[in-house]
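Please open the model in your viewer and keep the selection panel at hand. The stops below go from one pair of strands out to the rest of the chain.

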Amino acid sequence: MFERTTFCELRRKEVINICDGACLGRICDLELDACSGQLLALIVPGPPRCWGLLPGNDELVIPFCKIKKLGMDVILVEIPLKP
């Protein structure tokens, strides 16, 4: 799925949920398998608190299987909406 890319390049891309078109933010961290080096998940900061002045407490962990497309400027993911 991925051609060669660096973490710095990934951090610049917006993460968009294709289920509702919501912008989830930019990647703040990655989850890797220590033995194989395989990418397991993308980590995006949670929504901000206090009218956007404070960072959110929770992080959104997006499993690798939910990544649908890595574009030039965005990463498209498919995260089902909660009812």
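**First stop: the β1 and β2 hairpin**

Select V15 and G25 to begin with, since V15 stands opposite G25 in β2. This is a predicted model, in which local features need pLDDT of at least 70 and side-chain atom pairs count only at pLDDT 80 or more, while totals for chains, interfaces and linings use all residues. Residues are numbered from 1 along each chain as its sequence is written, and side-chain values use heavy atoms, with hydrogens and water left out.

Now show β1 and β2 as a cartoon: the two strands pair in the antiparallel sense over three bridges. Strands here are DSSP runs of E with at least two residues, helices are runs of H or I with at least four residues, and both are numbered from the N terminus; two strands pair if DSSP finds at least two bridges between them. Five residues lie between the strands of this hairpin, and in it G21 takes a positive phi near 75°.

**Second stop: C23**

Select C23, whose place is in strand β2. Is C23 buried, exposed or partly exposed? C23 is partly exposed, with a relative accessible area of 47%, on a scale where buried means under 20%, exposed over 50% and partly exposed in between (1.4 Å probe, protein chains only). Not counting residues up to four places away in sequence, C23 touches E14, V15 and I16, where a contact means heavy atoms within 4.5 Å. If you then draw a C-alpha to C-alpha distance from C23 to L76, it should read 9.6 Å, although the two are 53 residues apart in sequence.

**Third stop: the four-stranded sheet**

Add β6 and β7 to the selection, and an open sheet of four strands appears in the order β2-β1-β7-β6, with mixed pairing. At its edges stand β2 (23-26) and β6 (67-70), each with a single partner strand, so one side of each is left without a neighbour in the sheet. The twist averages 25° from one strand to the next, taken between N-to-C directions of axes fitted to C-alpha atoms, on a range from 0 to 180 degrees. Within this sheet, β1 (residues 14-17) and β7 (residues 74-77) run parallel and are joined by four bridges; to see one such pairing, select E14 and its bridge partner in β7, V74.

**Fourth stop: the three-stranded sheet**

Next, select β3, β4 and β5, which form an open sheet in the order β3-β4-β5 with antiparallel pairing. The edge strands are β3 (29-32) and β5 (59-63), each of which pairs on one side only. Five bridges join β4 (residues 39-45) to β5, and V44 stands opposite L60 in β5.

**Fifth stop: the largest pocket**

Keep L60 selected and add N17, L24, I79 and K82: of the 13 residues that line the largest pocket, these five are the closest to its centre. A pocket is an open set of points on a 1 Å grid over the protein atoms alone, where a 1.4 Å probe fits, with protein on both sides within 12 Å along at least five of seven lines, and lining residues have an atom within 4 Å of a point. The volume is about 300 Å³, counted as the space filled by probe spheres set on the points. The lining divides into nine nonpolar, two polar and two charged residues.

**Last stop: the whole chain**

Finally, show the entire protein chain, which has one helix and seven strands. Of its 83 residues, 20% count as buried.

Notes. Nonpolar A, V, L, I, M, F, W, Y, C, P; charged D, E, K, R; others polar.
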